[in-house]
Every structure is written in C-alpha cells, then in structure tokens.
Amino acid sequence: MWIDDTATISRSTFTDDTSGDFGGAVTATDLFLQSSSFKGNRSGYGGAIYVWRSADVSNSTLVGNYGAWGGAIGFANGTVPSRIAFSTLVDNSAYVGATAQGSAIIAAVTTVGTEVRGKFM
C-alpha cells in the first residue's frame, strides 16, 4: 500500500506482503500506526514499512520481516524524528551482501517500552 501523504493505520494486520522496492506492506510520507501487526513482509527498503519523513508507532508488533535496508522499518532519512512506543520488533532481518543494515530499524528513533530483539548481525 503506497500512501503519498500522512497515513493513519489502526487495528490492522499485514502478513506475507512483498514489494520489490519500498515497504513490503506499507509506504507512507508520514505514518501514525496503532495496534497493528506486520509478519513475514519483504521488500528492498523497509521489510514491512517504509517511511519518507516520520513515524509514530504504538502498541504494534513487527515480527519476521525482511528488507535489505531496515528489516522491520526503513526511513528515507535516517535522522527523522520518529517514535516507537510499547511495541515489539522481533526476528526482523536486513542484509546487503553479508552486512546487516538495520535489522529492525534503520534510523535514529526514540523508543519507549519497546522490545527489540533477534536476528542481529
């Protein structure tokens, strides 16, 4: 799903979606994500989600997603002010050749009460 604007996604599930370029499940300019689940999504940039500017993610689960840059979430600008709160990012992976490139997230984000684990290289 490509949203060329601000997207608000709530109580949704995205499973086994694929994109050759950006965000296996969702690509948005700015994203507000609440109480949603992403599992097994794949993409070149941002296995599950790709964001062009900023994201606010809360109470969501991202598990087993894969992207060459940012296994769970990739950002166009790695220094975007974004927040991930009370969420779980587990067993996401990202590789370019043999190098991990942001196994869960490739960006500088603020996390609050968030579990990030697994698949780190």
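1. Ser-87 and its surroundings. Setting aside neighbours within four places in sequence, Ser-87 touches Val-57, Ser-58, Asn-59, Ser-60, Gly-113, Thr-114 and Glu-115. This is a predicted model. Ser-87 sits in the loop between E10 and strand E11 (88-90). Ser-87 is buried, at a relative accessible area of 2%.

2. Polar partners of Ser-87. Its side chain reaches the backbone nitrogen of Ser-60 at 3.1 Å. A polar atom of the Ser-87 side chain also lies 2.9 Å from the backbone oxygen of Ala-85. Ser-60 therefore appears among the contacts of Ser-87 under the 4.5 Å cut-off.

3. Ser-60, seen from its own side. Ser-60 belongs to the loop between E6 and strand E7 (61-63). Its relative accessibility is 2%, so Ser-60 counts as buried. The side chain of Ser-60 has a polar atom 3.3 Å from the backbone nitrogen of Ser-35. A polar atom of the same side chain is 3.0 Å from the backbone oxygen of Ser-58.

4. Contacts of Ser-60. Leaving out neighbours within four places in sequence, the list runs to Leu-33, Gln-34, Ser-35, Ser-36, Phe-86, Ser-87 and Thr-88. Leu-33 is also named among the residues with the most contacts inside the largest nonpolar core.

5. The core. The largest nonpolar core holds 20 residues. Those with the most contacts inside it are Leu-31, Leu-33, Phe-38, Ile-49, Leu-62 and Ile-73. Four strands each supply at least two core residues: E1 (2-10), E3 (26-34), E6 (49-58) and E9 (73-75).

6. Phe-38 within that core. Which residues does Phe-38 contact, leaving aside neighbours within four places in sequence? They are Phe-14, Ala-25, Val-26, Leu-33, Ala-48, Ile-49, Thr-61, Leu-62, Val-63 and Asn-65. Leu-33, Ile-49 and Leu-62 on this list are also named with Phe-38 among the residues with the most contacts in the core.

7. Aromatic pairs. The whole structure contains six aromatic pairs. One of them joins Phe-22 and Trp-52 in a tilted arrangement, 5.2 Å centre to centre with 55 degrees between the planes. Phe-22 is in the loop between strand E2 (13-15) and E3, and Trp-52 is in strand E6, so this pair ties together parts 30 residues apart in sequence. Tyr-50 and Trp-52 make another pair, edge-to-face, with 5.1 Å between centres and 80 degrees between planes.

8. Cluster and exposure. Ring pairs connect Phe-22, Tyr-45, Tyr-50 and Trp-52 into a cluster. Are these rings' residues buried or partly exposed? Phe-22 counts as partly exposed, at 22% relative accessibility. Trp-52 is partly exposed too, at 32%. Tyr-50 is buried, with a relative accessible area of 7%. The cut-off for buried is under 20%, so Phe-22 at 22% does not qualify.

9. Gly-74. This glycine is in strand E9. Its relative accessibility is 0%, so Gly-74 counts as buried. Gly-74 and Gly-23 are 51 residues apart in sequence. Their C-alpha atoms are 7.6 Å apart in space.

10. Pro-81. Pro-81 is placed in the loop between E9 and strand E10 (83-85). Pro-81 is exposed, with a relative accessible area of 70%. Pro-81 and Ser-54 are separated by 27 residues in sequence, yet by 6.1 Å from C-alpha to C-alpha.

11. Overall make-up. The protein has 16 strands and zero helices. Of its 121 residues, 43% count as buried. Among contacts between residues at least 6 apart in sequence, 66% join residues at least 24 apart. The accessible surface is about 5,700 Å², and 50% of that belongs to carbon and sulfur atoms.

12. Confidence. Mean pLDDT for the protein is 83. Of the residues, 79% reach 70 or more. Which elements have the lowest and highest mean pLDDT? Strand E13 (residues 99-100) has the lowest, at 51. E2 has the highest, at 98.

Definitions and conventions:
Residues numbered from 1 in each chain as written. Heavy atoms only, no water. Core = buried A, V, L, I, M, F, W, Y, C linked by side-chain atoms within 4.5 Å. Buried < 20%, exposed > 50% of the residue type's maximum accessible area, 1.4 Å probe, protein only. Phe/Tyr/Trp six-rings, centres within 6.5 Å; stacked < 30°, edge-to-face > 60°. Polar contact = N/O pair within 3.5 Å; in protein donor to acceptor, adjacent residues only side chain to side chain. Areas by Shrake-Rupley, 256 points an atom, 1.4 Å probe, with all protein chains shown as cover. pLDDT = per-residue confidence, 0-100.
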